[in-house]
Amino acid sequence: MDEALLRALTPSVLTILVRRGADFAAAEDAVQDALVEALRVWPTDPPRDAKGWLVTVAWRRFLDAARSESARRRREEILQEEPVPGPASAVDDTLRLYFLCAHPSLSPSSAVALTLRAVGGLTTRQIAHAYLVPEATMAQRISRAKRTVAGVRLDRPGDAATVLRVLYLIFNEGYSGEVDLAAEAIRLTRRVHAALDHPESAGLLALMLLHQARRCARTTPEGALVPLAEQDRRRWDTGVIAEGVGILQAALARDRLGEYQAQAAIAALHADAPRAEETDWAQIVEWYDELVRLNRSPVIRLNRAVAVGEADGPGAGLAALAELEESLPRHSAVAGHLHERAGDLDMAARLYAEAAHKATDLAEREHLTRQAARLDQCRGR
Amino acid sequence: MAKYLLLKHYRGAPAAVNDVPMDQWTSQEISAHVKYMRDFADRLEKTGEFVDSQALAPEGTFVRYDGEGRPPVTDGPFAETKDLIAGWMVIDVDSRERALELAAELSAAPGAGGRPVHEWLELRPFLNEPPTIED
């Protein structure tokens, strides 16, 4: 049973239904029904033509759903009002689905859910598991999202930035359930990158690949977080790194810098260092300066302070940190690290403990608690 | 996308504005309160923000390990325990502002005289999974 094939076919099947005149919301429901049916039937009775099977089943579901008198009337009106669009490439049509699913009128969580279902080909159950909410809640979130975009026309170009933002969220935030969301985000970003001639789609894909390459080295078998400086770099996936760097270089050559490219450049410099001590921190600081010019977000400036601490010493890092609000998330974690490097172990231990108390994820809290404990032990407590 | 716990206390929270114990409400007032809570949960399911809702019995038992081969030791319930949880609701929302808004809405459930209880609810964020992008 090839679930990957099923997911890859989803947007083109949906596009075919929409081109036959089905409205997006009903077509999307019908495709979801066909997907669930395929997951049930294909393991014992695989079709010869997977796409043809899906189109047939989805179209039948669509007609069944539209059978009631009022629904039929509405459908006929649509068919009369909107002429069947002229020949458009399948790639363009798929891209329009991405734009619709990431429409600015949607909240981030709705856009993420709709994208994963309509173009990602995941079932509602899989998405609900991935975000740890009941299936009924996720089904409602998706229906609501579809109602929100009901008036949006599919033939207008959308904003690439919103699509990339949604893919970034899917990659960066999720739980490790049965579906690997990071891998899904990479698959979808590859498709967008192939269809969308935009340096930032390349930047985002490179950023994802360069982080994905480190994933094995990032956690211990028990699930504890391994910080970048302590990762076993032999476990980084050099093939994936090479691909990410290649995509990034081609994007940078176009001289239209954006945030994802700058973030990917920083990840590429880390990937380039065979040992943590060989990291080119001076260049990383330069990229952070570019990033701050593009986005003055305090989180970026906090990460910049870490890089400055590595490039120019902990004193310089603390000076950069002093310009930022102490209430920022991870501020005390960064301060603890810089004070430790400056040799003030008492202060560092206190800051690590404070940072652990304020951590917003469990792995980070455990890591910071260990840092505090390590310093307390070396000072003989 | 963040999960929050809305905690309802039997004891331990500051006093509500309309602070009449439920056993002194009329039957209709109790029905109206229960209906409000149920409708609230239904509405959250429709907005795609509902995760879980549970109520707890007021009396609990403290339990601890007492060594290999020995039965667990139990103690309590303690009538004087300061903090007592009545139940909770878990929501999954886009922002902290939205979580506050929903908590306030839940706190407006009607009580004595059909007026809102203005009960204090405790809002606690869940710890997340670590982000995939680390630097």
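This is a guided tour of a predicted model, going from one selection to the next.

**Chain A as a whole**

Begin by selecting chain A and colouring it by secondary structure, which should show 20 helices and zero strands. If you turn the chain along its principal axes, its C-alpha atoms fill a box of roughly 80 × 45 × 35 Å. Chain A has 381 residues, and 43% of them count as buried. Among its contacts between residues at least 6 apart in sequence, 61% join residues that are at least 24 apart.

**Helix 6 of chain A**

Next, select residues 108-118 of chain A, which form helix 6. Is this helix mostly covered or mostly uncovered? Helix 6 of chain A is mostly covered, since 10 of its 11 residues are buried. The buried residues include Ser109(A), Val112(A), Leu114(A) and Leu116(A), and Arg117(A) is also one of them.

**Helices 11 and 13 of chain A**

Now show residues 199-212 of chain A, which are helix 11, together with residues 238-252, which are helix 13. In general, two packed helices are described by the angle between their axes and the distance between the axes. Here the angle is about 160 degrees and the axes lie 8 Å apart. Because angles over 145 degrees count as roughly antiparallel, helix 11 of chain A is roughly antiparallel to helix 13 of chain A. The crossing of helix 11 and helix 13 of chain A is left-handed. To look at the contact itself, display side chains on both helices: among the residues on helix 11 are Ala202(A), Leu205(A), Ala206(A) and Leu209(A), while those on helix 13 include Val240(A), Gly244(A), Ile247(A) and Leu248(A). The residues of the contact divide into 12 nonpolar, three polar and one charged.

**Helices 9 and 11 of chain A**

Keep helix 11 of chain A on the screen and add helix 9, residues 160-172. How do these two helices run, parallel or antiparallel? The axes of helix 9 and helix 11 of chain A come within 10 Å and cross at roughly 5 degrees. Since angles under 35 degrees count as roughly parallel, helix 9 of chain A is roughly parallel to helix 11 of chain A. Helix 9 of chain A brings Ala160(A), Leu164(A), Leu167(A), Tyr168(A) and Phe171(A) to this contact, and helix 11 of chain A brings Glu200(A), Ser201(A), Leu204(A) and Met208(A). By class, these residues divide into seven nonpolar, one polar and one charged.

**A loop residue in chain A**

Select Leu132(A), which is found in the loop between helix 7 (124-130) and helix 8 of chain A. Most residues other than glycine have a negative phi. Phi of Leu132(A), however, is near 50 degrees, a positive value. Leu132(A) counts as partly exposed, because it has 16 C-beta neighbours inside 10 Å.

**The sheet of chain B**

Move to chain B, where four strands form an open sheet in the order 2-5-1-6, with antiparallel pairing. The edge strands, each pairing on one side only, are strand 2 (50-55) and strand 6 (121-125) of chain B. Neighbouring strands of this sheet are turned by 20 degrees against each other on average, direction ignored.

You can walk across the sheet pair by pair:

- Strand 2 and strand 5 (residues 84-93) of chain B pair over five bridges, and the bridge partner of Phe50(B) in strand 5 is Ile91(B).
- Strand 1 (residues 2-11) and strand 5 of chain B pair over nine bridges, and there Leu7(B) has Trp88(B) as its bridge partner.
- Strand 1 and strand 6 of chain B pair over five bridges, with Leu5(B) standing opposite Arg124(B).

Just ahead of the edge strand, select His118(B), in the loop between helix 2 (96-107) and strand 6 of chain B. Phi of His118(B) is also positive, near 55 degrees. With 15 C-beta neighbours inside 10 Å, His118(B) counts as partly exposed.

**Where the two chains meet**

For the last stop, show both chains and select the contact, which takes 31 residues from chain A and 18 residues from chain B. On the side of chain A, helices 6, 8, 9, 14 and 20 each give two or more residues. Which helix of chain A gives the largest share? Helix 8 of chain A does, with six residues. By class, the side of chain A that touches chain B has 15 nonpolar, 10 polar and six charged residues.

Key. Residues are numbered from 1 along each chain as its sequence is written. Chains are lettered from A and ligands numbered from 1 in the order in which they are written. This is a predicted model: local features need pLDDT of at least 70, side-chain atom pairs count only at pLDDT 80 or more; totals for chains, interfaces and linings use all residues. Two residues are in contact if their C-beta atoms, placed from the backbone, lie within 7 Å. Ala, Val, Leu, Ile, Met, Phe, Trp, Tyr, Cys and Pro count as nonpolar, Asp, Glu, Lys and Arg as charged, and the others, Gly among them, as polar. Two strands pair if DSSP finds at least two bridges between them. Axes are lines fitted to C-alpha atoms, for helices over the stretch in contact, and angles run from 0 to 180 degrees between N-to-C directions. Angles under 35 degrees count as roughly parallel, over 145 as roughly antiparallel, 65 to 115 as roughly perpendicular and the rest as oblique. A crossing is left-handed if the near helix is turned anticlockwise from the far one by less than a right angle, and right-handed if clockwise. A residue is buried if 20 or more other C-beta atoms lie within 10 Å of its own, exposed if 12 or fewer, and partly exposed in between; C-beta atoms are placed from the backbone.
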